[in-house]
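Trainee: I have just opened this entry and would like to learn how its descriptions are justified. Could we go through them together?

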Amino acid sequence: MKVIDPIPVQLNLEEFMRSSAARGLRETDVARLMDKCRPLIEPKAVYAFLKIVEINDDKVLLSSGHTLKSIILSDMLKPGQPVVPFVATIGPKLENHILENAKGSMLQAWIMEKIGDYALEKAVGYVRSLIERDLGGSATSFGPGTGTGKLFGIEQQEILFRILEPSKNIGVHLTPSYLMVPRKSVSSVLAVTEKEYVACQYCPRERCENRRKPFSGEYFAVKCETLVSYNK
Ligand code: SF4
């Protein structure tokens, strides 16, 4: 188990202004708010290098003794391979500040939200680069509950939280509906895969500003047995 606290994250004004989140915003406003956000951002993460012991149907038994239930993990991963569950956060201070000051200016609150998202993305990027260096390649990210949640259900958060104990290690708690508090937190399982998997491909949600790939329809696992019986 590894805890990184703090994650060294540098908020870069020029980089943020180039992102779609900053479209139409005045650089001087963003610069002022970014300075305000900096002391409120406390990025940290916890992760663990595990191995897959065996896979039965949609159940993936890990070397920690925990079992993750997921169609996509059982289809794309293999026994013996390393997997890395992780949870990262920027802490509660920024979102508490936004909540307390939301009545003041909606625009200001919105910009600070976006700066928080940007900080979380950078924190995750940092942790991911460390994990990928040790995995020896670019990793696919499997997030519980992403897309429709059919391929890796949000209730599997409970297993990740049992493995990593983020509540004790980095102050991230799970609500009874499996949402993380602080809100600006991310959980995922990283693994090197033969094929790329992006949850957006199987997510029909319309008008999602975070979509990374076009919707390609429902996910169907193509197993060897399926091909054999089809070719008979
Ligand atoms: S399209 Fe949007 S909601 Fe669906 S998986 Fe991608 S980012 Fe998530």
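Trainee: What makes up the shell around the ligand, by class?

Mentor: This is a predicted model, and in it the shell around the ligand has four nonpolar, three polar and two charged residues. The residues around the ligand are T146, G147, A199, C200, C203, R205, C208, N210 and R211. Cys and Ala count as nonpolar and Arg as charged, while Gly goes with the polar class.

Trainee: Which residues does the cis peptide bond with omega near 5 degrees join?

Mentor: That bond runs from D5 to P6. P6 sits in the loop between β1 (2–4) and α1 (13–18). Another cis peptide bond joins V181 and P182, where omega is about 0 degrees. P182 also has a loop position, between β9 (180–181) and β10 (185–191).

Trainee: What makes such bonds worth pointing out?

Mentor: Most peptide bonds are trans.

Trainee: Why is D57 called exposed?

Mentor: The cut-off for exposed is 12 or fewer other C-beta atoms within 10 Å. D57 has 8 C-beta neighbours inside 10 Å, so D57 counts as exposed. This residue lies in the loop between β3 (50–56) and β4 (59–62). Its phi is near 50 degrees, a positive value in a residue other than glycine.

Trainee: And why is E165 called partly exposed?

Mentor: Partly exposed is the class between the cut-offs of 12 or fewer and 20 or more. E165 has 15 C-beta neighbours inside 10 Å, and therefore counts as partly exposed. E165 is in the loop between α6 (157–164) and α7 (166–170). Phi of E165 is also positive, near 45 degrees, and E165 is not a glycine.

Trainee: What makes a positive phi notable?

Mentor: Most residues other than glycine have a negative phi.

Trainee: How do you know whether K93 is buried, exposed or partly exposed?

Mentor: Count again: K93 has 15 other C-beta atoms within 10 Å, so K93 is partly exposed. K93 belongs to helix α4 (residues 93–101).

Trainee: Which residues is K93 in contact with, leaving aside its neighbours within four places in sequence?

Mentor: Those are L40 and E42. The cut-off for a contact is C-beta atoms within 7 Å. K93 and L40 are 53 residues apart in sequence, yet their C-alpha atoms are 5.1 Å apart in space.

Trainee: How do helix α2 and helix α5 pack?

Mentor: Helix α2 (residues 27–37) and helix α5 (residues 106–135) pack at an angle of about 65 degrees, and their axes are 10 Å apart. The crossing of α2 past α5 is right-handed. From α2, the contact involves D29, V30, L33, M34 and C37, and from α5 it involves Q108, I111, M112, I115 and G116. By class, this contact has seven nonpolar, two polar and one charged residues.

Trainee: Finally, how many helices and strands are in the protein, and why is it called as compact as a globular protein of its length?

Mentor: The protein has eight helices and 10 strands. Its radius of gyration is 19 Å, close to the 17 Å that the globule rule gives for 232 residues, so it is as compact as a globular protein of that length. Its C-alpha atoms fill a box of roughly 65 × 35 × 35 Å along the principal axes. Of the 232 residues, 31% count as buried. Among contacts with a separation of 6 or more, 70% come from residues 24 or more positions apart.

Definitions and conventions: Residues numbered from 1 in each chain as written. Predicted model: local features only at pLDDT ≥ 70, side-chain atom pairs only at ≥ 80, totals over all residues. Near = placed C-beta within 6 Å. Helix = DSSP H or I, 4+ residues; strand = E, 2+ residues; numbered from the N terminus. Contact = placed C-beta atoms within 7 Å. Axes fitted to C-alpha atoms, helices over the stretch in contact; angles between N-to-C directions. Left-handed = near helix turned anticlockwise from the far one by under 90°. Rg over C-alpha atoms; globule rule 2.2 N^0.38 Å.
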